[in-house]
Amino acid sequence: MPNLNIEAKKANTYDAIVIGSGVSGGWAAKELTEKGLKVLMLERGKKLHHVADYEYAMKAPWEKKYNGQLTREQKERSPKLARDYPYNEMTANYWFRDQDSMYVEKKRFDWYRPDIVGGKSIMWGRQCYRFSDIDFEANAKDGIAVDWPIRYKDIEPWYSYVEKFAGISGEALGLPQLPDSEFLPPMDMFFIEKEVRKRLEKNFPGRNMTIGRVANLSKAGEAQLGVGRGPCMYRNQCSYGCPFGAYFSTQSSTLPAAASTGNLTLRPDSIVREIVYDPETRKATGVSVIDSQTMEEREFFSKIVFVCASTVASTAILMNSVSDRFPKGLGNDSGELGHNLMDHHFRAGARGNWEGDLDRYYYGRRANGIYIPRYRNIGDDKRDYLRGFGFQGGGSRQGWERNVAELSFGKDLKDALTEPGEWTMGFGGFGETLPYHDNQMSLDKDNPDKWGIPVVVFDAEFRENERLMREDMKNDAAEMLESSGLKNVKTFDNESYPGTAIHEMGTARMGRDSKTSVLNKHNQVHAAKNVFVTDGACMTSVACVNPSLTFMALTARAADFAVEEMKKQNL
Amino acid sequence: MMKRRQAVERISLILGGALSPQLTAALMGQVINQGGSIQITEAQEALLAEVADVIIPTTDTPGAKAAGAEQFIIRVLRDCYELKDQETFYTGLAKIDEASQKAHGKAFVDLSPEQKIEIMTDATKTNKAFFKQMKQFTQVGYFTSEIGATQALEYLPVPGKFEGDAPLQPGQKAWAISR
């Protein structure tokens, strides 16, 4: 019998376990397998085969049953997801059943949980921007939270490394607050955007409007063609899954790279209950897993564990990994685990209409918008709040969806709608939020979910700093549009709750001191050196730019470090 | 597709032919709650198609009825809307027929084209909430239908490139997929 156990353990033993298969998990699996490690990638969601399982990718409008709307049944099974657009007819099967693990909101938090291999890399917005030293130095300069243990120079080569593989389309600007990436050709701007850009350059020196930096292949290079990807077809239906592999996702990019090494085992339907810690070696020995379908439990073993389950899920796993050594959760000597929960706040800005130029139109559907990098609290600019925001948005001509003369019908209505409408343009801010210690998540130990795992409790809110910033988002957007010649400019503030931007970050922050942070500068858990957390949970502050590119770079960097440490017998 | 009457007959058979008048009426599509959805009659369906066709008529391209826009409306209401919202909508629809009977002593579907326009014009004032919702439904149902998207609009499933500034050609229609 003992021999059998040893054999069984051997069959369940890998060099590395990667928890999660999204943007970060995919990168961890790619890097570790390419460096020769036998890797087990665990994903709690179901299988989603590249192309074949993208059910709506090639459907014509008339093949959608509800033009994108959710059915009552879909709303009932995921009532929290149903509060916003990412959960819709086309993507409904990619998202989680809230009812299976109904999280608790002391204050509203929109938690967008996927339920598929690939995670949110399938449905993500694909905007990719580098952090700068203005971001990495911000906490230290402002004297809040803790200092980042890294600076731009530490991550710069890793940005380049992941960009060359992922493929980022964009325009170089040479701005200190928004370092340039390794760019594929930029996408074109709409006529109205080019007009507004010209006027902004004249009226607002220091405010730069550029085309969005996006992980869609404006041109496929060798690195991308090598994993079977093709260029963007400009259909703008990315979130359904791309049959051309034209945007970066786990399925299009990191998974084929990892699989081709022969070193990857991917196990869907595998919910990690906890990371198992050995107090003698002071390392994790592996993870315990529940099969989401059969409820069967089993253990897997490895030399290192990469926790890439997404910000909230990664921290929930650490919190649920309780032992005599770590009664408050694995690696939680500092008490910071679960704290400093952040997101971006957005949905405040302005929009307006453009008169004339109705003889100009466009061709194709650009899966991208424009971007105005942060200009507030930079250089000599000083505001009554900390940090800043960037604008995303764009212009186009209205389509048949528009409202024409409210009470019209008949031939006139039909004729009007078969022609393009007016040019319109809008900007919406994406603002940095501060790492408030009190903004936190925890586990409700008395409230087990379908699989017997405690549900997550959210207690976080945006505060005065964010509120003040939103005033600038509205007013700045309006003044830029008005000065550029837009008419009927109106500001909007459609409210934004933590989680809504799906840029949730923090809760297991990196830092220089194990007394005030969970991870060190290599994304290593201070007190369990073979456990690495490289997704959004690790973030010490959030800047105002979309974060996924930074997760990619940090993950590749940490994977490189981990393998070097293994070679040195340190892990 | 099985006609409703045949379906009812089949159910009668299964139940041994002893249907209560209420249940028969229900199965024939009177307003009842069945799993949160109103089952509508063939007459309601025909009326819906006719009203949609007045909102988006046949011109040089086929209109809402030819495009089957009413099927989209029925489906969305049945599967996506709460029962009370379905009831409100179909009550509003019934008022179109009531107005027709009152003004012309005929069902809406039997009116002349001019009379239909007259009743609908009246509805923009007296049945405004219904009109606005019906117009929105028809607009979406029509322009996302195969006829609407490919004949009334320019359908371009795989553009292959993006140009943000291209001249609008004379007679060029709006893109069927605009975002």
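Is A:Y103 buried or exposed?

1. At 2% relative accessibility, A:Y103 counts as buried (under 20% relative accessible area, with over 50% being exposed and partly exposed in between; 1.4 Å probe, protein chains only). Its ring partner A:W111 is buried too, at 6%.

2. A word on the basis: this is a predicted model, where local features need pLDDT of at least 70, side-chain atom pairs count only at pLDDT 80 or more, and totals for chains, interfaces and linings use all residues. Residues are numbered from 1 along each chain as its sequence is written, chains are lettered from A and ligands numbered from 1 in the order written, and side-chain values use heavy atoms, leaving out hydrogens and water.

3. Now the rings. The count is 40 aromatic pairs over all chains (Phe, Tyr and Trp rings, the six-membered one for Trp, with centres within 6.5 Å; planes under 30 degrees apart are stacked, over 60 edge-to-face, the rest tilted). A:W27 and A:F165 meet edge-to-face, 5.4 Å centre to centre with 75° between the planes. A:Y103 and A:W111 are also edge-to-face, at 5.7 Å and 65°.

4. Have a look at the cluster that ring pairs build from both chains: it includes A:Y363, A:W423, B:F162 and B:W175. The charged end of B:K161 sits over the ring of A:Y363, 5.0 Å from its centre (NZ of Lys or CZ of Arg within 6 Å of the ring centre and within 35 degrees of the ring normal). Likewise, A:K9 has its charged end over the ring of A:F301, at 4.6 Å.
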